[in-house]
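This report describes one protein chain, moving from its overall build to one of its helices and then to its aromatic side chains. Please keep the sequence and the structure open alongside the text.

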Amino acid sequence: MDAKLIPAGLCLVLFLLFAVPVTKGIINLGNGAGMAVTALLTAIFLLWGRFTAFLGKSWARPLGRIFLSALGVVTAVSLVLAVVISVFMLRAVSDPPKDENTTVVVLGCKVKDGRPSLMLGRRLEAAYTYLSEHESVCAVVSGGQGKDESISEAQCMRDWLVGQGIAPERIFMEDKSVNTEENLRFSKKIIAENGLPERVTLITDGFHQLRADMIAEKQGMSTYNVSGKTPWYLLPTYWVREWFGVLHYKLCG
């Protein structure tokens with residue numbers, strides 16, 4: 001077997017993994033970038049001889065050397081950033097509370113036909129498990145109503161948790177927010193108004209915990225983390241998207 005077929009095959013598998021969410025109607029910067037890069041790498045490995053010949057001819061020209069050098073720097077910096085951000089993302093995935101002096105904040109996600117989407121359902125499962133094991137802890141469910149949602153994300157989350165047996169008086173709704181920054185800012189206000197513990201336990205997907213922590217820290221909130229389990233076939237897409245999200249927040253947030 002031609003040795004270059006192995007990396008080409010691996011890149012093709014990665015391409016298909018990034019493409020799977022598209023069949024679910026999920027198209028974002030994560031799978032767009034993932035498909036573009038893995039498709040390019042697949043082509044490079046399959047056409048390795050032509051690719052190396054092209055590099056040789058380009059390097060022989062002054063402008064070619066400048067272009068390839070710049071491309072190499074950009075690629076190296078991008079790889080370093082991806083690795084560094086991923087390390088911090090992994091560290092933020094799990095940091096459970098040390099005691100029950102905390103308030104759970106469940107960050108909203110898509111509601112479909114009045115029911116939790118797959119990802120929101122995983123967050124709610126994590127919230128239910130934690131709240132069931134720590135009966136003195138209250139929760140703020142945070143998320144407004146999108147144009148294509150029949151009810152607010154907060155209402156959907158409250159209904160689901162109550163339906164699973166969590167006492168209604170333990171759940172506070174924040175149903176006006178449209179993004180993570182508002183999720184946290186509005187939830188902080190509800191926590192203060194109701195005299196709940198200020199130390200927050202954020203429940204969201206693991207890939208989202210780092211950026212949520214960064215936003216919370218900017219608002220003066222101290223956080224723990226409990227993560228929902230992201231479906232495996234969605235994780236690469238959202239993990240890569242989060243690279244861009246973290247970088248954008250660091251530069252512009």
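How many helices and how many strands are there in the protein? The model, which is a predicted one, contains nine helices and seven strands.

**Overall build**

Taken along the principal axes, the C-alpha atoms of the protein fill a box of roughly 70 × 35 × 35 Å. Of the 253 residues in the protein, 43% are buried, and the surface that the protein exposes amounts to about 14,000 Å², with carbon and sulfur atoms supplying 64% of that area. When contacts with a separation of 6 or more are considered, 71% of them are between residues 24 or more positions apart. The charged side chains comprise 26 positive and 23 negative ones, and the centres of these two sets lie 13 Å apart.

**Helix α8 and its surroundings**

Helix α8 spans residues 209-218 and is mostly covered, given that eight of its ten residues are buried. These buried residues are Q209, L210, R211, A212, D213, M214, I215 and A216, and they pack against the helices α4 (62-92), α7 (180-193) and α9 (235-252) as well as against the strands β1, β6 (200-205) and β7 (223-228).

Is K218, which lies in helix α8, buried or exposed? K218 has a relative accessible area of 56% and therefore counts as exposed, since the cut-off for that class is over 50%. Leaving aside residues up to four places away in sequence, K218 touches Y249 and G253. From K218 to I27 the C-alpha to C-alpha distance is 29 Å, and the two residues are 191 residues apart in sequence. After α8 comes G220, whose phi is positive, near 75°.

Strand β1, one of the elements against which the buried residues of α8 pack, covers residues 103-107 and includes T103. With a relative accessibility of 0%, T103 counts as buried, and, again not counting residues up to four places away in sequence, T103 touches C138, V140, I191, L196, P197, R199, V200 and T201. One of these neighbours, R199, also has its charged end over the ring of Y224, at 3.9 Å from the ring centre.

**Aromatic side chains**

A pair of aromatic rings is described by the distance of the centres and the angle of the planes. Across the whole structure, a search finds five aromatic pairs. Among them is the pair of Y128 and W160, which is edge-to-face and links distant parts of the chain, with Y128 in helix α5 (residues 118-133) and W160 in helix α6 (residues 153-163), 32 residues apart. Y128 is partly exposed, with a relative accessible area of 29%, and W160 is likewise partly exposed, at 23%. The rings of W232 and Y233 also form an edge-to-face pair, because their planes stand at 85° and the cut-off for this class is over 60 degrees. W232 counts as exposed, with 65% relative accessibility. The two pairs are set out in the table.

| Aromatic pair | Centre to centre | Angle between planes |
|---|---|---|
| Y128 and W160 | 6.4 Å | 85° |
| W232 and Y233 | 5.7 Å | 85° |

Elsewhere in the chain, which residues form one aromatic cluster? The cluster is made up of F45, W48 and F51.

Conventions. Residues are numbered from 1 along each chain as its sequence is written. This is a predicted model: local features need pLDDT of at least 70, side-chain atom pairs count only at pLDDT 80 or more; totals for chains, interfaces and linings use all residues. Side-chain values use heavy atoms; hydrogens and water are left out. Helices (H or I, at least four residues) and strands (E, at least two) are DSSP runs, numbered from the N terminus. Buried means under 20% relative accessible area, exposed over 50%, partly exposed in between (1.4 Å probe, protein chains only). Contact means heavy atoms within 4.5 Å. Accessible areas come from the Shrake-Rupley method with a 1.4 Å probe; for residues, only the protein chains shown count as cover. Lys and Arg count as positive and Asp and Glu as negative; His and the chain ends are not counted. The place of a charge is taken as NZ of Lys, CZ of Arg, CG of Asp or CD of Glu. Rings of Phe, Tyr and Trp (its six-membered ring) pair if their centres lie within 6.5 Å; planes under 30 degrees apart count as stacked, over 60 as edge-to-face and the rest as tilted. A charge sits over a ring if NZ of Lys or CZ of Arg is within 6 Å of the ring centre and within 35 degrees of the ring normal.
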